Amino acid sequence: MFRDLISLGQARELASRYLRVSVGTEEVNVLDSVGRISSEHVFSGGVATPPFDRSTVDGFAVRSADLQSASPDSPVALKVYAEQRIGREAVTLPPGGGNTASG
């Protein structure tokens, strides 16, 4: 069931016989780089991608208390209280702050 172990030297010899590995680097066109491994970190050069505001995690924050009376037959209307932007101080939603009935 188990094979006999071979020495490190034998393993290296087998690997070099069947594997062709290049450890050098070369500069290639980005279109020719598919399937290759970068030898350095790659940066976008300050170009915003995509070139418009976007959220990495979309969603809305609500207080569960503002939804207590909600049901499929009687939905609760909420208003947008604030917008949270990346890098800005966190917005705190006050009690009833998103509920149009209270505030």
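## Arg 36 and its partner

Arg 36 has a relative accessible area of 44%, so this residue is partly exposed (that label covers everything between buried, under 20% relative accessible area, and exposed, over 50%, using a 1.4 Å probe and protein chains only). Keep in mind that this is a predicted model, where local features need pLDDT of at least 70, side-chain atom pairs count only at pLDDT 80 or more, and totals for chains, interfaces and linings use all residues. Residues are numbered from 1 along each chain as its sequence is written, and side-chain values use heavy atoms, with hydrogens and water left out.

So who does Arg 36 pair up with in a salt bridge? Glu 26 is the partner, and their closest N and O atoms are 3.0 Å apart (a salt bridge is a side-chain nitrogen of Lys or Arg within 4 Å of a carboxyl oxygen of Asp or Glu). This pair links distant parts of the chain: both residues sit in the segment after α1, ten residues apart. Glu 26 is exposed, with a relative accessible area of 57%.

## The other salt bridge

By this rule there are two salt bridges. Side chains of opposite charge can pair when their charged atoms come close. In the other case, Arg 17 joins Glu 13, with 2.6 Å between the closest N and O atoms. These two are four residues apart in helix α1, which means that about one helical turn separates Arg 17 from Glu 13 (helices are DSSP runs of H or I with at least four residues, numbered from the N terminus). Arg 17 is partly exposed at 43% relative accessible area, and Glu 13 is partly exposed too, at 38%.

## A pocket with Arg 36 in its lining

Glu 26 and Arg 36 turn up again in the second largest pocket, where they are among the lining residues nearest the centre, along with Ile 37, Ser 38 and Ser 39. A pocket is an open set of points on a 1 Å grid where a 1.4 Å probe fits, with protein on both sides within 12 Å along at least five of seven lines; lining residues have an atom within 4 Å of a point. This pocket has a volume of about 610 Å³, the space filled by probe spheres set on the points. Its lining has 17 residues: four nonpolar, nine polar and four charged.

## Ala 77

Ala 77 is in the segment after α1 and is partly exposed, at 47% relative accessibility. Its C-alpha atom is 9.4 Å from that of Asp 66, eleven residues away along the chain.

Note on methods: Nonpolar A, V, L, I, M, F, W, Y, C, P; charged D, E, K, R; others polar.
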